[in-house]
Structure formats: C-alpha cells, structure tokens
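Please open the model in your viewer and keep a selection tool at hand. The stops below each begin with something to select and then say what is found there.

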Amino acid sequence: MNFTSDPVLRKIALEAAQQVTTDTGRIHQDELLEALCERLAPRKELLGLVIKKAGQAMMRDLGERHSPRRHRTPNGFYHPKSIMKLGNGIWVWMKDSTFTDMTEWGRISSRNFVRTATAEAHKQEYVSSRSDAYRENPQVTRLSTIEESVFGYRQDSFDDLGFDSDTA
C-alpha cells in the first residue's frame, strides 16, 4: 500500500541511513532504528501514517508467524491457528479453509517459489560475475569501481527505488 506521505518517510529513512553509515559503508540496524525514531518523534503530523505503517508491520508479522510450516506439528503443515494467504488481500484460518482455498494457496505457493528461485538465480549469477571481476582486478576494493570500470555502470534516476534525485 502506498500513501501520499510515503516519500516523506522514505526521505527520513534515507537521511537516517546516511547519518549512521560508517566510513566503510556499513549500516548497523540498531543505530538506524534509533536515528529513525529520533527523526520521527518530533514529527507529530506523521503520527497517523506512522501508526498505519506500524499496523502493516504487525499484520505482516502475524501472517509470517502463523504461516503454515512443515514439521511445526506432528500433523505436518496443519495447525488450526495457522493462516493461509490466498492473495488479493484475503487470508483464511487454516481450520476454516475450503477445497478452493487449499487449491488457491497451493497455486500461489508454487508461483512464489518460481519467482523466488528465479530471483535467487539472478542474484547468484550477479554475485559470481562480480566475484570473478574482483579476482581479475585485485587492486580494486569497492564494488562501485568494479561496476563502473568492468560493467559500465552509469547512474540513472532512483525512481525504481522510491528515491527522488533530491534525496539520493
């Protein structure tokens, strides 16, 4: 879900990340969370949006914690308090699922597996090619140099990352 103030929260998050980034480019999550909270606390006008974001996070956590898992119980996947995600914003308690729900859950699970496997294959291909480039260029210590000199990277806009050029 996107809300009209999402860019404001993204900018706050990016600024906080930049603030806590070490000289070696590392971001420690505990420091980032602290910096985010410090930046959000005085922004009372964002309270409604922040509450909605917290609610979304709680909803995701509920769905993940109650997602059917293999070997969770002696009966395999089934637990009456598990939640099956059916797509289109619909969840169903496992105890109440129907044949149609089971079929849809299986279809979605298969589709998600294919997407995950494909994404992982692309990621491993990327890692392999960049690792090879590091080995072929032992004097290089940062990925940015490899990307620019070996792979011809040119910076485009950050549109696909949810950044605008003023906050990058």
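## The hairpin

In this predicted model, begin by selecting residues 83–87 and 90–93, which are strands β1 and β2, and which pair in the antiparallel sense over four bridges. Within this pairing, put lysine 85 on display together with tryptophan 91, since the lysine stands opposite that tryptophan of β2. The two strands form a hairpin with two residues between them.

Move next to asparagine 88, in the loop between β1 and β2, where the backbone has a positive phi of about 55° although the residue is not a glycine. Is asparagine 88 buried or exposed? With a relative accessibility of 80%, asparagine 88 counts as exposed.

## The whole chain

Now select the whole protein chain and colour it by secondary structure, which brings up five helices and two strands. Followed along the sequence, these elements are arranged in the pattern α-α-α-β-β-α-α. The protein chain has 168 residues, of which 19% count as buried. If you display its surface, the exposed area is about 12,800 Å², and carbon and sulfur atoms supply 56% of it. As for contacts between residues at least 6 apart in sequence, 29% of them join residues at least 24 apart.

## Helix α3 and its two sides

Select residues 47–65, which form helix α3, and take the distance between the end C-alpha atoms: it is 26 Å, in agreement with the 27 Å that 19 residues should span at 1.5 Å a residue. Show the side chains of Leu49 and Gln56, together with residue Gly63, and you have residues of α3 that are buried. Looking down the axis of α3, you find its buried residues within an arc of 45°, so they line one face of the helix. Turn to the other side of α3, and Ile51, Met58 and Arg65 are exposed there.

What covers the buried residues of α3? The cover includes α1, at residues 6–20, as well as both β1 and β2 of the hairpin.

## Helix α1

Continue with α1, whose 15 residues reach 21 Å from the first C-alpha to the last, close to the 21 Å expected at 1.5 Å a residue. To show its buried residues, select Asp6, Leu9, Ile12, Leu14, Ala16, Ala17 and Val20. If you then add α2 (29–40) and α3 to the view, you have elements that are included in what covers these buried residues of α1.

## Loops on either side of the hairpin

Select serine 67, in the loop between α3 and β1. Serine 67 has a relative accessibility of 19% and therefore counts as buried, the cut-off being under 20%. Not counting residues up to four places away in sequence, serine 67 touches Arg72 and Ile83.

From there, go to lysine 95 in the loop between β2 and α4. Lysine 95 lies 8.6 Å from isoleucine 83, C-alpha to C-alpha, and the two are twelve residues apart in sequence. With residues up to four places away in sequence again left out, lysine 95 touches Tyr78 and Pro80.

## The aromatic pair

How many aromatic pairs does the structure hold? There is one, and you can bring it up by selecting phenylalanine 77 and tryptophan 105, whose rings are 6.2 Å apart centre to centre, with 80° between the planes, an edge-to-face arrangement. This pair links distant parts of the chain, with phenylalanine 77 in the loop between α3 and β1 and tryptophan 105 in helix α4, 28 residues apart. Phenylalanine 77, at a relative accessible area of 39%, is partly exposed.

## Arginine 130 in helix α4

For the last stop, select residues 99–136, which make up helix α4, and pick out arginine 130 within this helix. Is arginine 130 buried or exposed? Its relative accessibility is 14%, so arginine 130 counts as buried. To see what surrounds it, show the residues in contact with arginine 130 while leaving aside neighbours within four places in sequence, and you find Leu143, Glu147 and Phe151.

Definitions and conventions
Residues numbered from 1 in each chain as written. Predicted model: local features only at pLDDT ≥ 70, side-chain atom pairs only at ≥ 80, totals over all residues. Heavy atoms only, no water. Pairing = 2+ DSSP bridges. Expected span 1.5 Å × (residues − 1). Buried < 20%, exposed > 50% of the residue type's maximum accessible area, 1.4 Å probe, protein only. Arc of directions from axis to C-beta. Contact = heavy atoms within 4.5 Å. Areas by Shrake-Rupley, 256 points an atom, 1.4 Å probe, with all protein chains shown as cover. Phe/Tyr/Trp six-rings, centres within 6.5 Å; stacked < 30°, edge-to-face > 60°.
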